[in-house]
Structures are given as structure tokens and as C-alpha cells.
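Would you like to practise reading a protein structure one step at a time? Take a look at what is shown here, then work along with pencil and paper.

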Amino acid sequence: MLSKLFKGELSLAATFWKFGILGLVIINFAVRIFGHLLNGHLQGRSIYNFFFHYFNPITSSKLSILWTLCYVSSLLILAAYSWNIMLAVWRSARSYEKSPILAFLARAGIVCMVFFVWSSVLSKAVM
């Protein structure tokens, strides 16, 4: 199913709404949860500052390491998913023959959604 999605073989509606909008919202929610959990352990410092100046593997909290790994992993997943879902919507819109206006709106909508998700992630970034 994922190979059909990323090749653009699924319907434009399913690709845009189910995988594009809903998928980005869910992954963005996970990034925010892990960022919030990590923020409690950093005590107002950035990740870089905490791990290069205050981190000690013996005395530091194991949860701070776990939440950092979860946060950075979710950011990487969001980056890969954002790129792939934009390509999937673009390809699905290319093969959509019912309305060129809807195909254009789907392309513009997914680009705007990815922009808004990343701007919200970067504005609330723990880094």
C-alpha cells in the first residue's frame, strides 16, 4: 500500500486527506509530545547546550536521553514523511483527470500544510 501511495497510484482524495493532512497532523502531534517531554528535562536549555555542557552519562537522567532520541527520531520521520507525501500528492494529482483545478488545489494545499507544520515545529523547537 505504501508503494502505491508513494508512486501516486492511490486516489487523490485518499492521498491528500488520509495520508497527507491526517498523517502530517499525527506525526506533528508526536513531535510536540516528545518535545514537551524533553523540555521538562532540559531545564530551559537547548539540546545542544545541555548535551555538550551539562550532560554526564552517569548522573544524568536516563529519561532525558530517551526523550531526546524520541524527539530527534520523530523530527527525522517528519522530514522524510513530509518530502514523500508531497511527492505522492504531486504524482497522484498528475494522474487525476476529473478536474485540473482540484489537482492544483491539492498540490498547493499539501505544500501549504507542510509549510505550516514545519513552521509550527520550528517555532516551538526545543533546539
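The exercises below go through a predicted model, each with a worked solution.

**Exercise 1.** Find where T68 lies, and decide whether T68 is buried or exposed.

*Solution.* Start with the element: T68 belongs to helix α4, which covers residues 62-94. Next, take the relative accessibility of T68, which is 11%. Buried means under 20%, so T68 counts as buried. Finally, look at what surrounds this residue: leaving out residues up to four places away in sequence, T68 touches L38, I47 and F51.

**Exercise 2.** Stay in the helix and describe the surroundings of S74.

*Solution.* S74 also lies in helix α4. Its relative accessibility is 7%, so S74 counts as buried. Now follow the side chain of S74: it reaches the backbone oxygen of Y71 at 2.8 Å. Apart from residues up to four places away in sequence, S74 touches I27, V31 and F34.

**Exercise 3.** How do α4 and α5 run relative to each other, and which residues meet?

*Solution.* First, place the partner: helix α5 spans residues 100-123. Second, compare the axes, which come within 8 Å and cross at roughly 170°. An angle over 145 degrees counts as roughly antiparallel, and therefore α4 and α5 are roughly antiparallel to each other. Third, list who meets whom: on the α4 side the residues include L75, L78, I85 and W90, and on the α5 side they include A103, I110, V114 and W118. Last, sort the contact of α4 with α5 by class: it has 16 nonpolar, one polar and two charged residues.

**Exercise 4.** How many aromatic pairs does the whole structure hold, and what is the geometry of the pair F16 and W17?

*Solution.* A search of the whole structure finds three aromatic pairs. For F16 and W17, the ring centres are 4.9 Å apart and the planes stand at 85°, so this pair is edge-to-face. Then check each partner: F16, at 11% relative accessibility, counts as buried, whereas W17, at 54%, counts as exposed.

**Exercise 5.** Where does M1 lie, and which residues does M1 contact?

*Solution.* M1 is found in the segment before α1, a helix of residues 2-7. With a relative accessible area of 67%, M1 is exposed. Setting aside neighbours within four places in sequence, M1 is in contact with L10 and F19. To finish, compare M1 with A80: they are 79 residues apart in sequence and 17 Å apart in space, C-alpha to C-alpha.

Key
Residues are numbered from 1 along each chain as its sequence is written. This is a predicted model: local features need pLDDT of at least 70, side-chain atom pairs count only at pLDDT 80 or more; totals for chains, interfaces and linings use all residues. Side-chain values use heavy atoms; hydrogens and water are left out. Helices (H or I, at least four residues) and strands (E, at least two) are DSSP runs, numbered from the N terminus. Buried means under 20% relative accessible area, exposed over 50%, partly exposed in between (1.4 Å probe, protein chains only). Contact means heavy atoms within 4.5 Å. A polar contact is a pair of N or O atoms within 3.5 Å; within protein, one must be able to donate a hydrogen and the other to accept it, and residues adjacent in sequence count only if both atoms are side-chain atoms. Rings of Phe, Tyr and Trp (its six-membered ring) pair if their centres lie within 6.5 Å; planes under 30 degrees apart count as stacked, over 60 as edge-to-face and the rest as tilted. Axes are lines fitted to C-alpha atoms, for helices over the stretch in contact, and angles run from 0 to 180 degrees between N-to-C directions. Angles under 35 degrees count as roughly parallel, over 145 as roughly antiparallel, 65 to 115 as roughly perpendicular and the rest as oblique. Ala, Val, Leu, Ile, Met, Phe, Trp, Tyr, Cys and Pro count as nonpolar, Asp, Glu, Lys and Arg as charged, and the others, Gly among them, as polar.
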